[in-house]
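Here is a short briefing to read alongside the model. Take a look at the structure first, then work through the notes below.

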Amino acid sequence: MSIYNETIWERFFNRLPETAANEAIRVLKQGGSFKDVDFFTMKEAEAQVGHYRERAKAAIGAYKRWKSARAVTSLFGVFRDREGAHLRAHARAMTGLFLDSRRDFADLSALLMELVSNDRPDHGASVQGGRHE
């Protein structure tokens, strides 16, 4: 069995509708480069990861509260089971969004680090060493 690591672009097309994926890629590639992936882009992405983390934690908490309440009383069992299935599906969806956003944030970080490491200032400094100001 081989492990397939999809790129951030493939993940956009696998998770989003085609128009939304194209829009996300267009925004990232605006101007033909990744110059728009900067500190502020990363800060916004980090905020989104935090937002999804909190929503996933809240959804998991709601599911756990429902599960413990279900253990205490068996009244309205049919309704509680339906509610539990809904809460569990919501918790799974929110956790999936959090994990996807965290993976995308890591990919954006890698793009930014690659951009920074490949972006050498041209001040006429020698490649061999010496003072670089």
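This is a predicted model, and its average pLDDT is 77. A score of at least 70 is reached by 74% of the residues. Among the elements, H4 has the highest mean confidence, at 86, while H1 has the lowest, at 78.

**Overall build**
- The protein contains four helices and zero strands, so if you read along from the N terminus you will meet the order α-α-α-α.
- Of contacts with a separation of 6 or more, 62% link residues that sit 24 or more positions apart.

**Surface and interior**
- Out of 133 residues, 21% count as buried.
- About 10,300 Å² of the protein is exposed, and 57% of that area comes from carbon and sulfur atoms.

**The largest pocket**
- If you would like a spot to zoom in on, the largest pocket holds about 520 Å³ of space.
- Its lining is made up of 19 residues, and those closest to the centre are Phe12, Arg15, Gln48, Asp104 and Leu108.
- Helix H1 (8-15), helix H2 (18-28), helix H3 (39-72) and helix H4 (77-118) each give two or more residues to this lining.
- Sorted by class, the lining residues of the largest pocket comprise 12 nonpolar, three polar and four charged.

How values were computed
Residues numbered from 1 in each chain as written. Predicted model: local features only at pLDDT ≥ 70, side-chain atom pairs only at ≥ 80, totals over all residues. Heavy atoms only, no water. 1 Å grid on protein atoms, 1.4 Å probe; cavity = no way out; pocket = protein on both sides within 12 Å on 5 of 7 lines; lining within 4 Å. Points joined across faces, edges and corners; volume = space filled by probe spheres on them. Nonpolar A, V, L, I, M, F, W, Y, C, P; charged D, E, K, R; others polar. Buried < 20%, exposed > 50% of the residue type's maximum accessible area, 1.4 Å probe, protein only. Contact = heavy atoms within 4.5 Å. Areas by Shrake-Rupley, 256 points an atom, 1.4 Å probe, with all protein chains shown as cover. pLDDT = per-residue confidence, 0-100.
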